[in-house]
Amino acid sequence: MKNQQTKIRTSDFVQDPYSFYDNIRSTNPIYKGNFFRYPGWYVTGYEEANLILKDIRFQNRIPLPETTKKYEVLKNVQKQMMLYKNQPDHNRLRKIVSERFTPRALEQLIPIIKETANGLFCHVANQKRMNVISDFAFPLASLVIANMLGVPKQEKDQFRQWALTLIQTIDHTRSKESLAKGNDTTLEMIQYFQQLIQKRKQDPQDDLISLLLSDNQNGEPLTDAEIISTCILLVIAGHETTVNLIANSVYCFLTHPTQYDKLQANPLLLDSAIQEILRYESPTQMTARIAAEDLTINQTEIKKGDHVYLLIGAANRDPKKFINANSLDITRSPNPHLSFGSGIHFCLGATLAKIEAQAAIQTILEHTQKIKFETTEIEWRNLVGFRALKELPIIFE
Ligand code: HEM
């Protein structure tokens, strides 16, 4: 196999990650590279990515080096997150949190989510314009996650900055400055959730924090540190990706007007449209694993300790798996995209994210006849592992 050390600039990559993916996939779907100064195996093939995600011998790990002495606060919090845990710890944590993410539990949230999306839209309806991210998607995701965790509504505004800062610390583009800022933000979040936990210990409510504090019938109860890390994980996971799914959906409709016409003519296509946008502009573009032993995947030998980067956005456009992979088709079926991952770490919030995105897009469909970009200068954020627009101002009729 070729083992090239291709140099790539973040700005070029962010403009068009898909040509880069196609390029390395055509050389090898498991490509040995050193992109953005992270040496490892870059997986762009669908079959290969799915095999690795499902194989627990490829372990999850915190994004910071274990040996780092700096950013201790951030590192210690990451270490307690289910996302970076392996079995059996992962199972213990996930099981107890899962109770609030069952389809039945989430169904009860649908009316409140729809009402919130509607209320946010009514706020901007008269001005006939909105920034999809800051006026609509972010407040919607914030209110939903605040409601779940039991955070008072008026305190949820700090979530945005927290989520924006912490996402930088897990991306390939992270700098020393962003890590230092992330470390400080984590400390702030720990203090915030510590206080909330104390309140819930004294006065339990019907919220996730109270549930996590209650006795775990099936195993060891969670420690306060585990509960805090879980809250921090949910604030990051519950915001960034969901906001991006909503914004990327509107962006796709604006850049593919015939697909939007199809959806307007047949709103029953909404679920399928969201699935296709998840595939086409996946909010999470990359996740990582480390090989726990020497392994062979489709004839590629991966050594114990090697880092493996799974390019979800690339796997989702693998032409071996998807017909016309680089085209957006809201009627695509089946659509087995990997945007929520696969295997034991499959996204816990997948159903919630889809409910939120459906409520958001349905609200836009119901209240508008036409939507347009307000500006021609739409930019992607400088992130490699996430597909996120900076802002999305639109006008509507
Ligand atoms: C469009 C929105 C979302 C996308 C694209 C997304 C994507 C992902 C992906 C790819 C993973 C697996 C990462 C890996 O295997 O390394 C994951 C895990 C996770 N997600 Fe999401 N996510 C979304 C929304 C949410 C929401 C709304 C929540 C919760 C409020 C959430 C909570 C989680 C948690 C807790 C995990 C870790 C699960 C585990 O380790 O067992 N996600 N997500």
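In the predicted model, Ser178 is buried, its relative accessible area being 13%. This serine belongs to helix α10, which covers residues 176–202. When neighbours within four places in sequence are set aside, the contacts of Ser178 are with Gln168 and Thr169.

Two lysines were examined in the same manner. Lys75 is part of helix α4 (residues 72–79). With a relative accessible area of 5%, Lys75 falls under the 20% limit and is therefore classed as buried. Beyond the neighbours within four places in sequence, Lys75 is in contact with Ile62, Leu64, Pro65, Glu66, Thr67 and Thr68. The C-alpha atoms of Lys75 and Thr186 are 9.6 Å apart in space, although 111 residues separate the two in sequence. Lys95, in contrast, counts as partly exposed, at 49% relative accessibility. Lys95 is located in helix α5 (residues 89–98). A separation of 9.6 Å is found between the C-alpha atoms of Lys95 and Gly219, which lie 124 residues apart along the chain.

Helix α16 was considered next, together with the helices that pack against it. This helix comprises 18 residues and spans 26 Å from its first C-alpha to its last, close to the 26 Å expected at 1.5 Å a residue. Buried positions in α16 are Ala350, Leu352, Ala353, Ile355, Glu356, Ala357, Ala359, Ala360, Ile361, Thr363, Ile364 and Leu365.

Helix α12 (residues 224–255) is one partner of α16 (residues 350–367); their axes come within 9 Å and cross at roughly 40°. This angle lies between the ranges for roughly parallel and roughly perpendicular helices, and α12 and α16 are therefore oblique to each other. The crossing of α12 past α16 is right-handed. On the α12 side, the contact involves Thr242, Leu245, Ile246, Ser249, Val250 and Phe253; these residues meet Ala353, Glu356, Ala357, Ala360, Ile361 and Ile364 of α16. By class, the residues of the contact of α12 with α16 comprise nine nonpolar, two polar and one charged.

A further partner of α16 is helix α13 (residues 257–265), which packs at an angle of about 85° with the axes 11 Å apart. The two helices are therefore roughly perpendicular. Tyr260, Leu263 and Gln264 of α13 form this contact with Ile361, Ile364 and Leu365 of α16. Five nonpolar residues, one polar residue and no charged residue make up the contact of α13 with α16. Ile361 and Ile364 of α16 thus appear in the contact with α12 and also in the contact with α13.

Backbone geometry was examined in several loops. Gln87 and Pro88 are joined by a cis peptide bond, with omega about 5°; Pro88 is placed in the loop between α4 and α5. A cis peptide bond also joins Ser333 and Pro334, where omega is about 0°. Pro334 is situated in the loop between α15 (312–315) and α16.

Positive phi values in residues other than glycine were found at Phe36, near 55°, and at Gln299, near 70°. Phe36 occupies the loop between β1 (30–35) and β2 (38–43), whereas Gln299 is in the loop between β6 (295–297) and β7 (300–302). The accessibility of Phe36 is 12% in relative area, and this residue is buried. Gln299, by contrast, is exposed, with a relative accessible area of 78%.

Technical notes
Residues are numbered from 1 along each chain as its sequence is written. This is a predicted model: local features need pLDDT of at least 70, side-chain atom pairs count only at pLDDT 80 or more; totals for chains, interfaces and linings use all residues. Side-chain values use heavy atoms; hydrogens and water are left out. Axes are lines fitted to C-alpha atoms, for helices over the stretch in contact, and angles run from 0 to 180 degrees between N-to-C directions. Helices (H or I, at least four residues) and strands (E, at least two) are DSSP runs, numbered from the N terminus. Angles under 35 degrees count as roughly parallel, over 145 as roughly antiparallel, 65 to 115 as roughly perpendicular and the rest as oblique. A crossing is left-handed if the near helix is turned anticlockwise from the far one by less than a right angle, and right-handed if clockwise. Contact means heavy atoms within 4.5 Å. Ala, Val, Leu, Ile, Met, Phe, Trp, Tyr, Cys and Pro count as nonpolar, Asp, Glu, Lys and Arg as charged, and the others, Gly among them, as polar. The expected span of a helix is 1.5 Å times one less than its number of residues. Buried means under 20% relative accessible area, exposed over 50%, partly exposed in between (1.4 Å probe, protein chains only).
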